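Biologist: I am new to this structure and would like a close look at a single part of it, the place where two neighbouring helices meet. Please also set that part in its surroundings, step by step.

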Amino acid sequence: MVLNDKVIAVTGGARGLGYAMALRLGKQGARMALLDMSAEALDQAVSQLSAEGVDAQAFVVNVAEEASVTQAFADIAQRMGPVSGCVNNAGITQDALLVKAKEGQVEKRMSLEAWQNVINVNLTGVFLCGREAATQMIEAGHEGVIVNISSISRAGNRGKVTTQPLKRACMR
Ligand SMILES: NC(=O)c1ccc[n+]([C@@H]2O[C@H](COP(=O)([O-])OP(=O)(O)OC[C@H]3O[C@@H](n4cnc5c(N)ncnc54)[C@H](O)[C@@H]3O)[C@@H](O)[C@H]2O)c1
């Protein structure tokens with residue numbers, strides 16, 4: 001896909017892998033929409049990208065909340081135009097054993113809250129952002145790509161009950 005002037009959204013784009021992907025795609029001519037939770041972190045990331053010659057704009061969002069995602073993608077369409085790409089990169093880990101036991105005694109159980117937090121971001125977030133991105137591509141009548149970031153530990157990892165298996169499920 002030729003990236004020149006294509007609008008590409010990256011969730012969790014204010015730092016880490018999301019920022020690195022925004023830099024790479026932006027350097028290839030894409031116009032980057034960075035989505036993340038902190039306005040301050042986003043502003044810093046946009047400044048750094050601008051200094052690198054990348055056209056980027058910031059959108060505050062919680063990918064786990066439907067109204068927040070709907071608003072953010074509407075703002076992207078209004079300020080930048082409909083997206084041609086969406087990288088679902090935002091993710092959290094709250095690593096825990098399902099049940100921690102020692103010598104036949106249960107010491108700790110993973111909380112429902114931790115489980116739900118991870119589902120909300122790593123699963124529901126991918127669904128919500130993917131749905132908004134696909135809607136914009138269809139309504140604009142142009143091609144597009146949605147990339148969901150998982151992990152090499154997608155097949156399961158000791159002590160990680162939720163995170164990576166969920167992401168893997170979401171990619172199917
Ligand atoms: N770094 C690694 O070694 C590694 C390995 C395997 C998988 N991954 C996956 O790659 C992705 C990026 O990893 P990273 O190391 O750059 O992570 P990171 O924690 O450095 O950055 C994640 C970004 O997502 C944002 N974010 C978190 N919850 C959000 C929400 N509800 N709404 C909007 N933004 C939210 C955070 O604010 C942060 O800026 C994650 O999904 C992670 O699980 C990373």
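Modeller: In this predicted model, the contact in question is made by Tyr-19, Ala-22 and Leu-23 on the side of helix α1, which meet Ala-45, Gln-48 and Leu-49 of helix α2. Sorted by class, the residues of this contact between α1 and α2 are five nonpolar and one polar, with no charged residue among them. The axes of α1, which covers residues 16-27, and of α2 come within 11 Å and cross at roughly 30°. Because an angle under 35 degrees counts as roughly parallel, α1 is described as roughly parallel to α2. The crossing in which α1 passes α2 is right-handed.

From the helix pair one can move on to the sheet, since α2, residues 39-51, lies across β2 and β3 and runs at about 175° to β3. Helix α3, residues 66-80, also packs on the sheet, where it touches β1, β2, β3 and β4 (85-88), and its direction makes about 155° with that of β3. The sheet itself is open and has five strands in the order β3-β2-β1-β4-β7, paired in parallel. At its edges stand β3 (56-60) and β7 (145-148), and each has a single partner strand, so one side of each is left without a neighbour in the sheet. From one strand to the next, the twist averages 15°.

Within that order, strand β1 (residues 7-11) runs parallel to β2 (residues 31-36), and five bridges join the two. One of the pairings places Met-32 of β2 as the bridge partner of Ile-8, while Thr-11 stands opposite Leu-35, also in β2. In a regular strand, side chains alternate between the two faces of the sheet. In β1, Val-7, Ala-9 and Thr-11 lie on one side and Ile-8 and Val-10 on the other, and all of these residues are buried, which leaves both faces of the strand covered. Since five of the five residues of β1 are buried, this strand is largely enclosed by the rest of the structure.

Conventions
Residues numbered from 1 in each chain as written. Predicted model: local features only at pLDDT ≥ 70, side-chain atom pairs only at ≥ 80, totals over all residues. Heavy atoms only, no water. Pairing = 2+ DSSP bridges. Helix = DSSP H or I, 4+ residues; strand = E, 2+ residues; numbered from the N terminus. Axes fitted to C-alpha atoms, helices over the stretch in contact; angles between N-to-C directions. Contact = heavy atoms within 4.5 Å. Parallel < 35°, antiparallel > 145°, perpendicular 65-115°, else oblique. Left-handed = near helix turned anticlockwise from the far one by under 90°. Nonpolar A, V, L, I, M, F, W, Y, C, P; charged D, E, K, R; others polar. Buried < 20%, exposed > 50% of the residue type's maximum accessible area, 1.4 Å probe, protein only.
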